[in-house]
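Let us walk through this structure step by step, beginning with the chain as a whole and ending with a single strand and its surroundings.

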Amino acid sequence: MRTLKEGIFELRNISVQYAYTPLNGTIKSRGGCLFIDSMASKLDMNIMNVDLNECYTRGEGGGIFLMSYDKE
């Protein structure tokens with residue numbers, strides 16, 4: 001997911017199972033279950049009652065990978 005301007009991101013009552021990025025090593029992979037790109041905006045993020053199981057990545061962030069806004 002990529003946020004723009006004033007990003008608002010909310011996850012409630014979800015389950016993600018058996019999510020993965022490519023494991024063959026041909027591309028750089030990030031965020032097995034969830035990849036959030038907030039580089040272009042401030043982010044207001046709420047994660048409530050979320051179950052992430054069997055999330056794999058060869059790169060960074062097996063469950064959640066967050067690229068954050070750092071302009072201030």
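The paragraphs below move from the overall layout to one strand and the surface patch to which some of its residues belong.

The model shown here is a predicted one, and its protein chain contains 0 helices and 4 strands, which, read along the sequence, follow the pattern β-β-β-β. Of the 72 residues in the protein chain, 26% are buried, while the chain exposes about 5100 Å², with carbon and sulfur atoms supplying 49% of that area. If we consider the contacts in the protein chain with a separation of 6 or more, 81% of them are made by residues 24 or more positions apart.

We can now turn to strand E4, which covers residues 64-67, and ask with which strand, and in which sense, E4 pairs. The partner is strand E2, residues 34-37, and the two strands pair in the parallel sense over 4 bridges; as an example of this pairing, Asp-37 has Met-67 in E4 as its bridge partner.

Strand E4 also has two faces, for Phe-65 and Met-67 form a covered face, whereas Ile-64 and Leu-66 form an uncovered one. On the uncovered face, Ile-64 counts as partly exposed because its relative accessibility is 37%, a value that falls between the limits of 20% for buried and 50% for exposed residues. Both residues of this uncovered face join Ile-47 in making a nonpolar surface patch of about 220 Å².

Definitions and conventions
Residues are numbered from 1 along each chain as its sequence is written. This is a predicted model: local features need pLDDT of at least 70, side-chain atom pairs count only at pLDDT 80 or more; totals for chains, interfaces and linings use all residues. Side-chain values use heavy atoms; hydrogens and water are left out. Patches are made of residues with over 30% relative accessible area and no salt bridge: like charges are joined within 9 Å, nonpolar side chains (Val, Leu, Ile, Met, Phe, Trp, Tyr) within 5 Å. Accessible areas come from the Shrake-Rupley method with a 1.4 Å probe; for residues, only the protein chains shown count as cover. A salt bridge is a side-chain nitrogen of Lys or Arg within 4 Å of a carboxyl oxygen of Asp or Glu. Buried means under 20% relative accessible area, exposed over 50%, partly exposed in between (1.4 Å probe, protein chains only). Contact means heavy atoms within 4.5 Å. Two strands pair if DSSP finds at least two bridges between them.
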